[in-house]
Amino acid sequence: MNHSAVALTIFLGIAQASGTVSGANVIDLNHQEQSSQRGAVLFPFDSYSIPFRHGLQLELIQAKRYEGNPVLEPGGLGKVDTNAMAYYGTVIEIDGKLHMWYLGRGDVGDMPLRICYATSNDGFQWEKPNLGLVEYSGNSQNNLVDLDWDGKAMSCCVLYDPDDPDLERRFKIFSEVESPTSKHQGCVAFSPDGLRWTTSPHNPVTHVRIEPTGIIRKSGCYYVVGQNAGFDRGFQKRVLISLASYDFEHWTDASVLGFRRDAIPPSPVVFGHNMGKQVHLGAGLWDRGNAILGLYGQWNASNETDDRREMRMDIGLVVSQDAVHYREPIPDFRLIDTTEEGWKGPNPLGDPPRFAQGQGIVNIGDKTITWYSIWGRGGDNSIRAAYWKRDRLGYFSPTRTPIEGQAWVDEVKPHFISAPIRIGSGSTRIFVNASGLSEHSQITVEVLNERFEKLDGYTDADFIPWSDDSSVRLPVRWQRGAVITGISEPIRIRVNWDGLRLEDARVYAVYVEMAE
């Protein structure tokens with residue numbers, strides 16, 4: 001049997017096992033990765049979770065930079081982050097409190113970059129607690145975590161793994177380390193609290209040079225996501241790669257090329273390690289259960305010179321379902337725009353702004369917040385924040401003059417349909433993040449079976465319109481109630497637009513959640 005026949009046999013086997021070809025991408029609410037995840041989030045920019053649409057255009061929304069930036073600055077003389085501070089780290093929300101790990105370098109002796117710690121309740125006001133763990137400049141009243149790589153920490157990707165039965169490994173860290181024994185390779189450590197760490201005896205755990213930003217656990221496997229670039233690191237340009245491990249200590253030498261921006265033949269190729277479009281530091285990840293959102297560095301350099309001083313770097317959006325393959329919903333869209341921030345010297349045109357992302361996107365109250373640093377010479381002096389209204393990174397809306405999307409025909413009103421969702425035997429509720437609703441601009445929500453047939457009691461005729469005109473969490477109700485029960489087969493969610501001004505309505509997300 002030839003390779004094509006083998007591939008076809010495997011594909012048909014998968015299709016038959018799922019009952020339908022479309023069922024190969026079923027969202028299963030009963031098999032979420034973490035115990036804290038109890039549902040699915042359907043984002044318009046996630047074409048796997050919402051594969052079908054008619055008459056709708058996708059728009060992404062640029063983040064707002066926090067008006068009080070920077071949110072974290074170096075300490076005074078004698079502090080552990082006086083000389084340098086860079087994000088290159090992680091923010092994790094645990095029980096309503098935010099925890100940040102970042103890089104700092106003090107002004108006493110020959111201190112390399114070390115890992116520091118800060119906390120916050122709102123994402124904007126941060127404190128550097130005196131941990132009392134590591135002596136520096138004659139005392140231990142500082143915010144250094146107890147982790148010594150015996151060298152320079154180049155990143156700190158922290159993973160909170162609450163379901164790990166080993167309490168001593170609830171926190172895991174993957175760092176790029178420059179030391180006598182690690183030549184920009186990956187090193188790992190474990191901790192019960194994120195502050196006191198035990199390094200792995202297997203360090204360094206990678207052979208390839210990797211500059212990571214993201215770390216995630218999916219289906220029992222850990223993935224680190226970063227950049228591997230240059231002729232000394234495997235690719236001619238900076239690209240997004242992933243390595244995998246099932247125990248966090250033995251990682252694959254082979255990597256997955258998950259996303260690239262540089263041209264390859266037959267397109268014209270731009271040579272030069274720093275030239276052209278590239279992916280900087282992989283992507284910092286946000287696991288939403290059925291979808292993984294990633295913020296990546298948009299390395300946009302000249303095609304004429306290899307001088308990095310002429311390079312600009314914004315932050316873009318990628319999406320994944322499997323933690324290794326990533327796609328960009330709108331190519332080159334600047335989700336966090338660097339315009340004018342970080343300019344230095346009398347000639348700003350010779351010093352374009354550049355951002356460096358980390359791992360950390362969280363929902364706090366009515367906001368979605370992330371953090372970044374200014375990259376490059378003179379940029380290692382602060383950590384900054386950007387935000388959106390909660391989960392409003394993009395939306396669907398109808399338009400008569402589409403560019404990304406399509407116009408609708410009057411006989412078929414604009415709508416989208418989700419991938420199949422397996423809700424099991426329990427009860428399920430649906431909420432919608434929407435705006436622009438009114439008497440003349442309405443949306444309705446229906447429940448279909450996997451074959452796109454309407455289910456009795458959950459049709460647009462049964463739907464009860466909302467009285468609110470905008471909310472990040474509008475509860476869906478039908479005449480029979482708000483809870484979906486008694487459906488054992490996978491369902492699909494259909495959202496419809498209607499009204500004289502239907503183009504006013506925007507849908508940012510749909511939440512399908514297991515009821516309490």
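In which strand is the place of K277? The views below take up that residue and several others in a predicted model.

**View 1. K277 sits in strand β19.**
Strand β19 covers residues 277-287. K277 counts as partly exposed, because its relative accessibility is 39%. W299 is 22 residues away along the chain, and the C-alpha atoms of K277 and W299 are separated by 5.6 Å. Neighbours within four places in sequence aside, K277 is in contact with R261, D262, W299, N300 and D332.

**View 2. L281, also found in strand β19, has a positive phi.**
The phi of L281 is near 65 degrees, and this residue is not a glycine. Most residues other than glycine have a negative phi. Is L281 buried or exposed? L281 counts as buried, because its relative accessibility is 2%.

**View 3. S137 has a positive phi in a loop.**
For S137, phi is about 55 degrees, although the residue is not a glycine. The loop runs between β9 (126-127) and β10 (152-153). S137 has 42% relative accessibility, so it counts as partly exposed.

**View 4. The peptide bond from N69 to P70 is cis.**
Its omega is near -5 degrees. P70 has its place in the loop between β5 (64-65) and β6 (84-94). Most peptide bonds are trans.

**View 5. The peptide bond from P265 to P266 is cis.**
Here omega is near 15 degrees. P266 is found in the loop between β18 (256-259) and β19.

**View 6. D366 lies in the loop between β22 and β23.**
Strand β22 covers 355-364, and β23 covers 367-374. With 44% relative accessibility, D366 counts as partly exposed. Which residues does D366 touch? They are W388, K389 and R390, not counting residues up to four places away in sequence. D391 is 25 residues from D366 in sequence, and their C-alpha atoms are 8.7 Å apart in space.

**View 7. I443 belongs to the largest nonpolar core.**
This core has 63 residues. I443, I493, W497 and V510 touch the most other members. Strand β32 (residues 506-514) supplies the largest share of this core, five residues. Which residues is I443 in contact with, leaving aside its neighbours within four places in sequence? They are V432, A434, L437, F463, W466, V495, N496, W497, A505 and V507. In soluble globular proteins, nonpolar side chains tend to be buried together.

**View 8. A second core is separate from the largest one.**
This second core has 31 residues. Among them are F171, I173, L281 and M313. L281 is the residue of strand β19 shown in View 2.

**View 9. The whole chain has one helix and 32 strands.**
The C-alpha trace spans about 75 × 55 × 55 Å along its principal axes. A compact globule of 516 residues would have a radius of gyration near 24 Å, and the chain has 24 Å, so the two agree. Of the 516 residues, 55% count as buried. Among contacts in the chain with a separation of 6 or more, 63% come from residues 24 or more positions apart. The chain exposes about 22300 Å², and carbon and sulfur atoms supply 50% of it. The chain has 51 positive and 65 negative charges, and their mean positions are 2 Å apart.

Methods
Residues are numbered from 1 along each chain as its sequence is written. This is a predicted model: local features need pLDDT of at least 70, side-chain atom pairs count only at pLDDT 80 or more; totals for chains, interfaces and linings use all residues. Side-chain values use heavy atoms; hydrogens and water are left out. A nonpolar core is a set of buried Ala, Val, Leu, Ile, Met, Phe, Trp, Tyr and Cys residues joined through side-chain atoms within 4.5 Å. Buried means under 20% relative accessible area, exposed over 50%, partly exposed in between (1.4 Å probe, protein chains only). Helices (H or I, at least four residues) and strands (E, at least two) are DSSP runs, numbered from the N terminus. Contact means heavy atoms within 4.5 Å. The radius of gyration is taken over C-alpha atoms; the globule rule is 2.2 Å times the number of residues to the power 0.38. Accessible areas come from the Shrake-Rupley method with a 1.4 Å probe; for residues, only the protein chains shown count as cover. Lys and Arg count as positive and Asp and Glu as negative; His and the chain ends are not counted. The place of a charge is taken as NZ of Lys, CZ of Arg, CG of Asp or CD of Glu.
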